[in-house]
Amino acid sequence: MKNYTSKDDENFEKDMETRGHEDMDNAVSRGQDFTDIPPLLPVLPLKDIVIFPYMIYPILAGRESSIKAINAAFDTDNKYILLVTQKDASIEETTTDNLYGTGTIAKILQIMRLPNGLIKILIDGVVSARVTEFTADHYIKAGFSIISDSVESEPGTKLLIEKASNYFADYVTLNPSLSKDVLSGYQNIPEADRKLYYMASNVSVDIESKQNILESDSLYTKYFEIIALLARELQVLNIEREIDAKVQASMQKNQRKFIVQEQIKILQDELGDNDTLDPDLIKLKKAIDESGMPDAVKEKAMEEFEKIKKTSPMSPDFSVSRNYLEWMTSVPWNKFTEDNFDLKNAKIILDEDHYGLEKPKERILELLAVLKLLKDKNITKPPKGQILCFVGPPGVGKTSLGKSIARALSRKFARLSVGGVKDEAEIRGHRRTYIGSMPGRIIQAMKKAGTSNPVILIDEIDKMGNDFRGDPASAMLEVLDPEQNNTFNDHYLDIDYDLSNVLFITTANVQYNIPLALQDRMEIIEMRSYLDFEKTKIAQRHILPKELEEHGLDKDEIKFPDEAIQKVIREYTREAGVRNLERELTSIIRKVAKDKLTNGNRKKKVNVTPALVEKYLGVPKFEDIDTKKDNKAKVGSVYGLAWTSLGGDILTIEVTVMKGTGKITLTGKLGDVMKESAIAGLSYIKSNSKQFGIPETFFKDKEIHIHVPEGAIPKDGPSAGITMIMGMLSAITKTPVKADIAMTGEITLRGNVLAIGGLNEKLLAAVRSGIKRVIIPGDNEKNLIEIPKDITSKLEIIPVSKVEDGIVHVFGSRKITFKKK
C-alpha cells in the first residue's frame, strides 16, 4: 500500500492506472469471505455517483468530515470504507438523513495528499451493504449488513444474462461516448455479478436508477432493473440516431440544391439568358408593373427585384426582400374611388344612420360641400382643418358616424384603434433590419382599404401612451398634418407615401388627454350625451329593428311602447350613450322569445308593458332623487354634479362634525385636486366665520369628516369645490340643505366660483336624476345657449359668481344662523 505526497502526482496517476488493471484482473479470483471487514466502518458520502462492487475509481475529497473518514479508514489494517451516495448533492455538509440506505464497501488502494488540503484516493469496490445504523461524531460511521449476490438456480437467470448482454452490446455500439474496448472488457468477464455491475457502471442514467440496482435484494431482480434501463436508453439512442440521419439527409439535399442553383445562374449569366425566372418572381414582376407606382418608388422596387433575382431562395434575405416587394405591390398607389358629393344624399344617409347629432352632421355636410367645390376647380390639395375629431362619452355614435361618412362619400372605410399603443413603430412601422418587421398600422389600413382615398377612422386617439420605445402621438403628427402627410415615410417601406387624399377621422372620450400638438391639427367636435327622448327614438328606429332581426322575431310579434323603453332608460340604465340600453332591450327580446316557445303560442303578439319590463329585468337599478324616500332636506348632505369619461353623474357629498383636534378627514377615494378643493373650502369658511356666525373657537376642538359614497370609484376634479363648502356650512351650522338642488363650480380662497367644463353632461345628469334646480358658475352662463332646450326647460339654472350668492338658494336664506347644541 502506497502513501503519496503532492510531489508524486505524476507517479500517482501512472501507478493508479497500473494498479487498477492489476486489481481488475485479480478481482476474478476474489472470494466471498468478508470476515476481515469490521462491523462498524467510516462513511464517505459521495456526490452524483454510485460506486458498485468491482469498480476501481479515483475520488477527490475536500470536506473536513470526509477527510477524517478517509484518514480513519486508511489507518486500519484492511483500509475498508463504506461509500454511500447523497440524496441531495447540493448539500455541502450532509447529514445521515440525506444519505441512501445502501452503499458499497470499498478498499482504499492508494492515497495522495494535495497541498490545498484535498485528498485524492483510489478505491476498489468490494461488496454492497445495507446500512443498519448511522452514527455521527467527527465523521459519519455506520453499521451494516452485507448483501449477497449469489446466482439463483432459477431457470430464467441465464436467459436474463443473455438478454442483458445483447442489450449492452447494442448500447455500446450506438453510444458514441463509449469506446469499443468497453464491450471487449465486458466479454472477458465470466461472473454474473461482475457482468451486472460492469454494465451498471457504464450506463449513463440518473443516480436514482443506479441506486435502485444497488438496493435490489437479489441478482435476479437486479438483472431485471438493468434490462429495463438498457431498453429505455436504446430507445432514446435510436431516436437520436434517426433524427441525426434526417438532419444529415436534409442538409445534403439543401446543399445539393444550392449548388445546382448556383450552377444554373452561372450558366444563365454566360448565355445572357436572364428571362428564365421562377414563376413566383414572374408574378412579382408583373405586380410591380401593374401597381401604378410613382417612378421613384418603382425604381426602388426594381432595384430590390434585381437583388432578389440573384439571391438564393434558401437565403434569409430572399424571404425578407420578397415580403417587402409584396407589401409594395399590395398598397394602393393610384387607385381611387369616385366621390359622391351629393349633399342631399349625404344628409339622408346621416339621418338614416343616426338620430340627433345635429352639430356633427352639419359640420360633415360643410366638409362635403368644400370638397365638392375644390373638385369642381380641379384643386387636389385638401383644405386645412378637414381632419375631424369626435369627442364624447362611449356609446354616442362616434365610430358609426365615421362609417356613415364613408357611405355618404361612396369611399372605402378602414378603422384602426390606437388605444394603449406605446410603440412608435406601431404607427411608422418597423425597419427591415428587425426580424418579423412589418409596416405600421397606417399602411396596413391603406392595404385593407385598397384605395388611395379611403375614410380612415382612428379610434381612441386620447388613449395613446409612450415609453422607452418612443412616442406614437408624435408619429401621429405627420399622419394628421395636411402639410406633411403627402410625404408620409413608413420605416418598413422606406419611401414617401401620399396620404393627402385620405379623409382621416379620429375619436376620443376625453379631450384634455389628447396631446395639444395633435389637437392643433384637428377640429374638435363635441358629441354630447343623448337625452331620454332621443334614446327612445334611437331604440325605436335603430336598436329594436336590428335586434329583432338578429333574434328571429318580426316587428308584428312584439311591440315596445315608448313608456316601456322610457322605464328601461330611467330605471335600468344610467349612461351617456345607448350601449346598456341595447343590452337591456336585447335581454327582454331573448326572454320574450323563450316564453313564446315555452308556452307554445308562437304567433301571439307580445306587448312589452312597464310591468313586463320589471318582470323580465328584475328590481330597478336606479331611482330618481325626487322619488327616493329620503328626499327631504338634510344636514350635511349635498348633491354635486360630476363629469366622467362616461358622461355626467350625480355626486353625493356627506359632511359630519365631531369632537377632535381640528383636523379634516377626507374619504371616498378622492384625488389630490378634490382634496385640495375641500381644504380650500374649509379655509374659506374659517376666514369668513364671523360672517356665518361661527365662533372663533369652534374649530379648535372639532374634527370635520367629508365622505363621498361609492368609495371604490376614484374621484377627482376641482368642480366639487362649491358643493363641499355648502356641505361643511350645513354640518357646522346645523342648517339643512334642500334635496332638489345640485351644484358645480370650482372655488377660490376669496369665495369666487370659477367656470367648469362638461356643463352639458352635468345638466343632463341632473335631469336624469330628478334634480329641479342647479347652481352653476356665472362664467358658464354664456354656454347655456349651446345646451338643448329639452334640458334647460326642465331645470331652474342659477348662475352664481360668489359662494355667498348661492347660499340663499341652498339654504333658503341669505344669512345662516349658527346653532349651538
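How many of the 821 residues of the protein count as buried? In this predicted model, the share is 48%. The secondary structure comprises 26 helices and 27 strands. Among contacts with a separation of 6 or more, 74% join residues 24 or more positions apart. On the outside, the protein exposes about 41,600 Å², and carbon and sulfur atoms supply 50% of that area.

Let us turn to the interior. In soluble globular proteins, nonpolar side chains tend to be buried together. Here, the largest nonpolar core has 69 residues, and Tyr-223 and Ile-226 touch the most other members. Helix H7 (residues 219-271) gives this core its largest share, eight residues. A second, separate core holds 53 residues, including Leu-367, Leu-503, Val-578 and Val-592.

The two cores sit side by side in this table:

| Core | Residues | Some members |
|---|---|---|
| Largest nonpolar core | 69 residues | Tyr-223, Ile-226 |
| Second, separate core | 53 residues | Leu-367, Leu-503, Val-578, Val-592 |

Now for a look at single residues. Leaving aside residues up to four places away in sequence, Ile-226 touches Ala-164, Leu-196, Met-199, Ala-200, Val-203 and Ile-213.

Thr-451 offers another local view, in the loop between helix H15 (441-449) and strand E10 (455-459). Is this loop residue, Thr-451, buried or exposed? Thr-451 has a relative accessible area of 3%, so it counts as buried, the cut-off being under 20%. Its contacts, again without residues up to four places away in sequence, are Pro-332, Lys-335, Thr-337, Lys-412 and Met-446.

How values were computed
Residues are numbered from 1 along each chain as its sequence is written. This is a predicted model: local features need pLDDT of at least 70, side-chain atom pairs count only at pLDDT 80 or more; totals for chains, interfaces and linings use all residues. Side-chain values use heavy atoms; hydrogens and water are left out. Helices (H or I, at least four residues) and strands (E, at least two) are DSSP runs, numbered from the N terminus. Buried means under 20% relative accessible area, exposed over 50%, partly exposed in between (1.4 Å probe, protein chains only). Contact means heavy atoms within 4.5 Å. Accessible areas come from the Shrake-Rupley method with a 1.4 Å probe; for residues, only the protein chains shown count as cover. A nonpolar core is a set of buried Ala, Val, Leu, Ile, Met, Phe, Trp, Tyr and Cys residues joined through side-chain atoms within 4.5 Å.
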